[in-house]
Amino acid sequence: MRKNYSKQREEIKQAVLEHRTHPTAEEVYGFVKEKDSSASKSTVFRNLHELVAEGVIQKVVLPQGIFIFDGDVSEHSHAVCKKCGAILDIPLALEKAQQAMAEEYGFQMSSYHVLLEGLCKNCTE
């Protein structure tokens, strides 16, 4: 069921879509608060979770247990730099793995979430 449109809800969605840095809920709250001083933390957090449930944005859990939000809902994975914390969107084709799982185990994959850890280009130079 689609929620009623609200100005704050739209600002929250736009904050995630415009900030390609994969912001945390606190960061989204900060972005929204800059534009709308009446925005409350609970409103931002609630709407983030509703936008995730509706498939408008996605939530990613980092190894430290931190939740980040991504406006790109296409099938892709994330790479996290262990030194600077940069988060990159990585296109990762898993068609062969999906086919092998179906053939060997009868498992029908509907979605996937892969989080790669390592060092980004800037931190390896």
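In this predicted model, G55 takes a positive phi of about 80 degrees just after helix 3. Helix 3 itself covers residues 41–53. At 1.5 Å a residue, its 13 residues should span 18 Å. The end C-alpha atoms of helix 3 lie 19 Å apart, which agrees. Several residues of helix 3 are buried: T43, V44, N47, L48, E50 and L51. An α-helix has 3.6 residues a turn, so residues three or four places apart point the same way. The cover over the buried residues of helix 3 includes helix 1, helix 2 and strand 2 (67–70).

Helix 2 was examined next. Helix 2 (residues 25–35) packs against helix 3 at an angle of about 120 degrees. The two axes are 10 Å apart. That angle makes helix 2 oblique to helix 3, because it falls outside the range of 65 to 115 degrees for roughly perpendicular and is not over 145, the mark for roughly antiparallel. The crossing of the two helices is right-handed. Helix 2 contributes A25, E26, V28, Y29 and V32 to the contact. Helix 3 contributes K41, V44, F45 and L48. Of these contact residues, seven are nonpolar, two are charged and none is polar. V44 and L48 of helix 3 belong to the contact, and both are also buried.

The loop between helix 1 and helix 2 contains H22. Phi of H22 is near 60 degrees, a positive value in a residue other than glycine. Most residues other than glycine have a negative phi. H22 counts as buried because its relative accessibility is 4%, and the cut-off for buried is under 20%.

Helix 1 (residues 7–18) holds Q14. With 25% relative accessibility, Q14 counts as partly exposed. This class lies between the buried limit of 20% and the exposed limit of 50%. Q14 and V28 are 14 residues apart in sequence. In space, their C-alpha atoms are 9.5 Å apart. V28 is one of the helix 2 residues in the contact with helix 3.

The whole chain was then considered. The protein chain has five helices and five strands. From the N terminus on, its elements run α-α-α-β-β-β-β-α-β-α. The C-alpha atoms fill a box of roughly 55 × 45 × 20 Å, taken along the principal axes. Of the 125 residues in the chain, 30% are buried. Among contacts with a separation of 6 or more, 44% join residues 24 or more positions apart.

Conventions:
Residues numbered from 1 in each chain as written. Predicted model: local features only at pLDDT ≥ 70, side-chain atom pairs only at ≥ 80, totals over all residues. Heavy atoms only, no water. Helix = DSSP H or I, 4+ residues; strand = E, 2+ residues; numbered from the N terminus. Buried < 20%, exposed > 50% of the residue type's maximum accessible area, 1.4 Å probe, protein only. Axes fitted to C-alpha atoms, helices over the stretch in contact; angles between N-to-C directions. Parallel < 35°, antiparallel > 145°, perpendicular 65-115°, else oblique. Left-handed = near helix turned anticlockwise from the far one by under 90°. Contact = heavy atoms within 4.5 Å. Nonpolar A, V, L, I, M, F, W, Y, C, P; charged D, E, K, R; others polar. Expected span 1.5 Å × (residues − 1).
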